[in-house]
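Visitor: I'm new to looking at protein structures. Could you walk me through this one, feature by feature?

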Amino acid sequence: MEHINGKTWLGFVINIVVTAVFYGMGVMDGATIFFGVGLLLTGVGIAMLVNGYPAGGIFGAVGSAFFVPIGIICMIGCLQSRDRLRNAALTTAVASGSEEIVTRAEKASVAPDAPAASDGTSATKEAPVMMTAAEPCAEAAAAPAASESTPAPEQAPVTTAETPLAAYGFVDERMGGWLLVLLGIAAFFFGLSLNGQIMSGSVVCLVIGIIRIIQTQQRLDKHVCVLYRDRLECVVGLWTGDLVNIPYAAIREAECSDSKLRLQLASGAGTSTATVYFGRFASAVRDEARTVLRDKLRELGVLREN
């Protein structure tokens, strides 16, 4: 249930209201049946999503298409919910697959026990080092002098596994969103002045433009891809902005083109595929991100060179 976003429920309620309005009018029986079929498909799709079946997003999107232009709200919500479910399943599967790989590597790297000596002690046991009484005194006398003449070394900044090696933000789509909003408003008034009707295209432009503006505003301080020492966190798919945790140990093969990065991942007993689209990266860092990712995957030995 937590993977179903608000747009899905809001759009579904709107679809129900539209169907009820046409049913109450009683003058368009064909339209009522048409919207009823779309509402049924949408309801089945949402029920599948609630029960954890990503394929329900396709049913919901197809059913919402019956209500275009206003049905585009529920359509986008269903597709986003589908990607969220798929990302959650991918995260779980990849985590189990990488743990299995790391466990096998640890077992393979364990050295055999050292052979025991004839007297029953370990053969690698070192003999105790004998010191004379003068040696500690000499070391103690030399310690203050060394501390006075040698300045303390400057400490380097601490780098942990959680320190990002590189991070790249989302593309700013606000300008495109505002252009769609202005186009929708212009088409709306043009339709009213021409024949007194609302053009469906104007509503589509308005809805898509507003959604793009809101989503971009929410993602201004977020990242589409973050590289760490032991893993890659990136947004997989086209409809969500959620980061998926991909350990480097789980990557079996990678293929990188100008438009996308496709990763083949170990997931349990099988494999899974994750696709990162470079079009979602900010345009100013897109080329750099593509180069950095290629170099990292080449370093890991998993990049398939074309």
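Guide: Sure! Let's begin with what the labels mean: helices and strands are DSSP runs, numbered from the N terminus. Keep in mind that this is a predicted model.

Visitor: Okay, let's try a pocket. What volume does the largest pocket have?

Guide: A pocket is an open set of grid points with protein on both sides. Here, the largest pocket comes to about 450 Å³. It has 19 lining residues, and Glu173, Gln215, Arg219, Leu238 and Arg280 are the ones closest to its centre.

Visitor: Which helices each supply at least two residues of that lining?

Guide: Those would be α4 (72-109) and α7 (200-218). The largest share is from α7, with 5 residues.

Visitor: And how many of the lining residues are nonpolar, polar or charged?

Guide: You get 10 nonpolar, 4 polar and 5 charged residues in the lining of the largest pocket.

Visitor: Now the strands. In what order do the 3 strands of the open sheet come?

Guide: The general idea is that strands of a sheet pair through backbone hydrogen bonds, either parallel or antiparallel. In this model the order is β5-β6-β7, with antiparallel pairing. The edge strands, β5 (251-256) and β7, each pair on one side only. From one strand to the next, the twist averages 15 degrees.

Visitor: How many bridges join β5 and β6?

Guide: There are 5 bridges between β5 and strand β6 (residues 260-267). If you want a spot to look at, find Glu255, which stands opposite Arg262 in β6.

Visitor: Which helix lies across β5 and β6?

Guide: That's α8, residues 286-300, and it runs at about 145 degrees to β5.

Visitor: Let's zoom in on one residue. Is Thr275 buried or exposed?

Guide: The trick is to check the relative accessible area: under 20% counts as buried. Thr275 has 10%, so it is buried. You'll find Thr275 in strand β7 (residues 270-277). Leaving out neighbours within four places in sequence, Thr275 is in contact with Val235, Val236, Gly237, Lys260, Leu261 and Arg262. You've met Arg262 already, as the residue opposite Glu255.

Visitor: Let me practise on a helix residue. Why is Thr19 called buried?

Guide: Use that cut-off again: Thr19 is called buried because its relative accessible area is 10%, and buried means under 20%. Thr19 sits in helix α1 (residues 6-25).

Visitor: Which residues does Thr19 touch, not counting those up to four places away in sequence?

Guide: Look for Phe35, Gly36, Leu39 and Phe67 around Thr19.

Notes. Residues numbered from 1 in each chain as written. Predicted model: local features only at pLDDT ≥ 70, side-chain atom pairs only at ≥ 80, totals over all residues. Heavy atoms only, no water. 1 Å grid on protein atoms, 1.4 Å probe; cavity = no way out; pocket = protein on both sides within 12 Å on 5 of 7 lines; lining within 4 Å. Points joined across faces, edges and corners; volume = space filled by probe spheres on them. Helix = DSSP H or I, 4+ residues; strand = E, 2+ residues; numbered from the N terminus. Nonpolar A, V, L, I, M, F, W, Y, C, P; charged D, E, K, R; others polar. Buried < 20%, exposed > 50% of the residue type's maximum accessible area, 1.4 Å probe, protein only. Contact = heavy atoms within 4.5 Å. Pairing = 2+ DSSP bridges. Axes fitted to C-alpha atoms, helices over the stretch in contact; angles between N-to-C directions.
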